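Please open the structure in the viewer and keep the sequence at hand. The tour below proceeds by selections, each followed by an account of what is found there.

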Amino acid sequence: MSDFDLDLQTAEGELDEPEASGRVVLGVLDGTTDPDEWLSHVENDDVLVLNIEGDLNELAAGFARDIRDMGSELMHFRDFLVISPPGREIDTDRLN
């Protein structure tokens, strides 16, 4: 037998736990919020769920292209615009 002593509890305690990143932010997309505020949320790894009050194309015109260019996703679902940060996919598999 080997004299190697492996203490799994100590090793487990030494592992870095992944930091929770981003939040889920609920809001209203009605034209009163500065588009840069929505961009800032996405840049900070937040998921946005925005209740659309008005014409989506007009309301999202100030930030949608920038969000797509960042590698983020936007999805119109019912009365909401869902925006995920870069690298976080919006899974629509259960909608079919």
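Which backbone oxygen does the side chain of Ser72 reach? The tour returns to this point at its last stop, after the surroundings have been introduced.

**The whole chain**

Begin with the entire protein in a cartoon display, bearing in mind that the model is predicted. Four helices and four strands make up its secondary structure. Followed from the N terminus, the elements appear in the order α-β-α-β-α-α-β-β. The protein has 96 residues, of which 28% are buried. If a surface is switched on, it represents an exposed area of about 7500 Å², and carbon and sulfur atoms supply 45% of it. Among contacts with a separation of 6 or more, 47% are between residues 24 or more positions apart.

**The sheet**

Next, select the four strands. They form an open sheet with mixed pairing, in the order E1-E2-E4-E3. E1 and strand E3 (73-77) are the edge strands, since each pairs on one side only. On average, neighbouring strands of this sheet are turned by 20 degrees against each other, direction ignored. In general, strands of a sheet pair through backbone hydrogen bonds, either parallel or antiparallel.

Now restrict the selection to E1 and E2. These two strands run parallel and are joined by six bridges. Two pairs of residues are convenient markers: Gly27 stands opposite Leu50 in E2, and Leu29 stands opposite Ile52 in E2.

Show the side chains of E1. Which residues point to one face and are buried? They are Val25, Gly27 and Leu29, whereas Val24, Leu26 and Val28 point to the other face and are not buried. This follows a general rule: in a regular strand the side chains alternate between the two faces of the sheet.

**Val47 in strand E2**

Select Val47, which is located in strand E2. Val47 counts as buried because its relative accessibility is 14%, and the cut-off for buried is under 20%. Beyond the residues up to four places away in sequence, Val47 touches Arg23, Val24, Val25, Ile83, Pro85 and Arg88. Add Ile90 to the selection: 43 residues separate Val47 and Ile90 along the chain, and their C-alpha atoms are 9.9 Å apart.

**Helix H2**

Proceed to helix H2, residues 35-43, and display the side chains of its buried residues, Trp38, Leu39, His41 and Val42. Why do they lie on the same side of H2? They cover an arc of only 155 degrees around the axis, which puts them on that one side. Asp36 and Glu43, on the other side of H2, are exposed. The cover over the buried residues of H2 includes strand E1 (24-29), strand E2 (47-52), helix H4 (64-69) and strand E4 (80-84).

Then inspect what lies at and beyond the helix. The N-terminal end of H2 is capped by Asp34, with a side-chain oxygen 2.9 Å from the backbone nitrogen of Asp36. H2 is followed by Asp45, whose phi is positive, near 70 degrees.

**Ser72, the last stop**

Finally, select Ser72, in the loop between H4 and E3. Is Ser72 buried or exposed? Ser72 counts as buried, because its relative accessibility is 6%. The opening question can now be answered: the side chain of Ser72 reaches the backbone oxygen of Ser84, at 3.2 Å. Leaving aside neighbours within four places in sequence, the contacts of Ser72 are Val42, Ile67, Ser84, Pro85 and Pro86. Val42 is familiar from the previous stop, as one of the buried residues of H2.

Technical notes. Residues numbered from 1 in each chain as written. Predicted model: local features only at pLDDT ≥ 70, side-chain atom pairs only at ≥ 80, totals over all residues. Heavy atoms only, no water. Buried < 20%, exposed > 50% of the residue type's maximum accessible area, 1.4 Å probe, protein only. Contact = heavy atoms within 4.5 Å. Areas by Shrake-Rupley, 256 points an atom, 1.4 Å probe, with all protein chains shown as cover. Arc of directions from axis to C-beta. Polar contact = N/O pair within 3.5 Å; in protein donor to acceptor, adjacent residues only side chain to side chain. Pairing = 2+ DSSP bridges. Axes fitted to C-alpha atoms, helices over the stretch in contact; angles between N-to-C directions.
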